[in-house]
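Visitor: Could you take me through one part of this protein up close? I'd like to start with a single residue and then see what lies around it.

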Amino acid sequence: MAIPTPVSFWNCDESSGNLVDAVGSNTLTNNNTATFTTGLIGNAADLEASSSQTFSIADGSQTGLDITGDLTIASWIKLESDPGSNISMPIMSKGFEGNTNRAYIFSVQDLAGTNYLYFQSAATGAGGAGVFVTWSPSLATWYHVACVYNSSAGEVSFFVNGSQQGTTQTGAQALFSGSGTFYIGGP
């Protein structure tokens with residue numbers, strides 16, 4: 001079995017400005033002056049939710065991010081604070097700036113005081129169904145987090161530092177191919 005080629009890869013090694021796609025053409029716009037800091041290797045983007053800092057690309061400018069089949073999202077993250085009660089800290093999403101073009105979102109989510117890795121998909125572009133597993137990250141610690149979505153089974157598996165968290169979750173909806181914006185961080 002061949003390893004699939006990534007659609008996009010952002011190493012976040014810039015010192016300012018936009019995020020350049022290392023394998024494709026999906027350079028992401030820096031919104032609200034996100035800054036860069038020391039990462040595990042080289043630099044890392046430092047997004048502040050209080051300043052609505054994100055990186056994004058409009059649907060009409062992107063290539064390959066309207067994924068409707070299997071999907072893997074992976075990222076290195078380091079939380080500076082707990083999300084807070086009933087707050088979502090988006091890692092990556094497509095179309096979740098409203099309720100009409102939703103495709104997928106992968107986030108760290110607090111639900112009633114418990115933290116989760118969370119994935120939501122929306123087959124029709126509105127609403128959607130979320131699946132999640134509990135996760136108790138330490139602050140100021142780097143983690144490699146990933147979610148693997150199996151489109152034919154509607155299943156999602158979550159991983160932290162290469163180890164599956166909980167069991168494979170069922171009930172995820174199909175991914176909508178709409179005109180929503182792709183984000184790293186918020187919207």
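Guide: Sure, let's start with Cys-147, which is buried, with a relative accessible area of 0%. Keep in mind that we're looking at a predicted model. So is Cys-147 bonded to another cysteine? Cys-147 is in no disulfide, and the nearest cysteine sulfur, the one in Cys-12, sits 17 Å away. To count as a disulfide, two cysteine sulfur atoms have to be within 2.5 Å. Looking from the other end, the sulfur of Cys-12 has Cys-147 as its closest cysteine partner, and 17 Å is too far for a bond. Cys-12 is buried too, at a relative accessible area of 16%. By the 2.5 Å rule, the count of disulfides comes to zero.

Now for the surroundings. Strand β10 covers residues 142-150, so that's the stretch to follow in the viewer. Strand β10 pairs with β5 in the antiparallel sense, over eight bridges. To pick out one of those contacts, find Thr-72: the bridge partner of Thr-72 in β10 is Val-148.

Zoom out a little and you'll see an open sheet of four strands, in the order β5-β10-β11-β12, with antiparallel pairing. Its edge strands are β5 (71-78) and β12 (163-170), each of which pairs on one side only. As for how the strands lie, neighbours in this sheet are turned against each other by 15 degrees on average, ignoring direction.

Technical notes:
Residues are numbered from 1 along each chain as its sequence is written. This is a predicted model: local features need pLDDT of at least 70, side-chain atom pairs count only at pLDDT 80 or more; totals for chains, interfaces and linings use all residues. Side-chain values use heavy atoms; hydrogens and water are left out. Two strands pair if DSSP finds at least two bridges between them. Helices (H or I, at least four residues) and strands (E, at least two) are DSSP runs, numbered from the N terminus. Axes are lines fitted to C-alpha atoms, for helices over the stretch in contact, and angles run from 0 to 180 degrees between N-to-C directions. Buried means under 20% relative accessible area, exposed over 50%, partly exposed in between (1.4 Å probe, protein chains only).
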